[in-house]
Amino acid sequence: MTEDLMTIRNMCDAFDVTPRTLRFYESKELLAPVRDGQKRLFTRRDRARLKLIQRGKRFGFSLEEIRQLLDLYELGDGQETQLRRTYDIARERLADLKQRRAEIDEAIADLGEQIRWGEDALAKLSRGSAA
């Protein structure tokens, strides 16, 4: 095995994914391993793409968005189109994450108030039954 090629097991170990995940990404045309009979051999390009897939998923990009962004690499414009589109999607995701964080912060505050109300109600009930 050359250092340029990795087996599916090597990829799973290196990126903490399952073989099923790698096959799924291959079926979605996100990865294109070299075939040696039944064996899949992943190139440096596949490894770089998998890193980008994982990062994109972490940031909330859909697999279709990730595929389209990866495909833009091939345009031959020095990655300008790819970078611009990635930037636009990233700004949208950041705004979405901030909005969700605000909603979560509000829900946490509301739940905290409800818990305090419940504690007070239980304390009153305990005092009332002790009398």
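**Notebook: core, helix 3 and a ring pair**

I began with the largest nonpolar core, which has 18 residues; Met11, Leu22, Leu31, Leu50 and Ile53 are those with the most contacts inside it. At least two residues of this core come from each of helix 1 (8-15), helix 2 (19-27), helix 3 (44-58) and helix 4 (63-71). A reminder to myself: this is a predicted model.

Next I followed Ile53. Leaving out residues up to four places away in sequence, I found that Ile53 touches Tyr25, Leu30, Leu31, Leu63, Ile66 and Leu70.

Then I turned to helix 3. I listed its buried residues as Asp46, Arg47, Arg49, Leu50, Ile53 and Gly56. I asked myself what these buried residues of helix 3 pack against. My note reads strand 1 (6-7), helix 1, helix 2, strand 3 (39-42) and helix 4.

I also checked the length of helix 3. Its 15 residues, at 1.5 Å a residue, should span 21 Å, and I found the end C-alpha atoms 21 Å apart, which agrees. Just after helix 3, I noted a positive phi of about 95° at Gly60.

Last, I looked for aromatic pairs and counted one. The ring centres of Phe24 and Tyr25 lie 6.2 Å apart with the planes at 50°, so I logged the pair as tilted; stacked would need planes under 30 degrees apart, and edge-to-face over 60. Are the two partners buried or exposed? Tyr25 is buried, at a relative accessible area of 6%, while Phe24 counts as partly exposed at 38% relative accessibility. Tyr25 is also one of the residues that Ile53 touches, a nice link back to my earlier entry.

Note on methods: Residues numbered from 1 in each chain as written. Predicted model: local features only at pLDDT ≥ 70, side-chain atom pairs only at ≥ 80, totals over all residues. Heavy atoms only, no water. Phe/Tyr/Trp six-rings, centres within 6.5 Å; stacked < 30°, edge-to-face > 60°. Buried < 20%, exposed > 50% of the residue type's maximum accessible area, 1.4 Å probe, protein only. Core = buried A, V, L, I, M, F, W, Y, C linked by side-chain atoms within 4.5 Å. Helix = DSSP H or I, 4+ residues; strand = E, 2+ residues; numbered from the N terminus. Contact = heavy atoms within 4.5 Å. Expected span 1.5 Å × (residues − 1).
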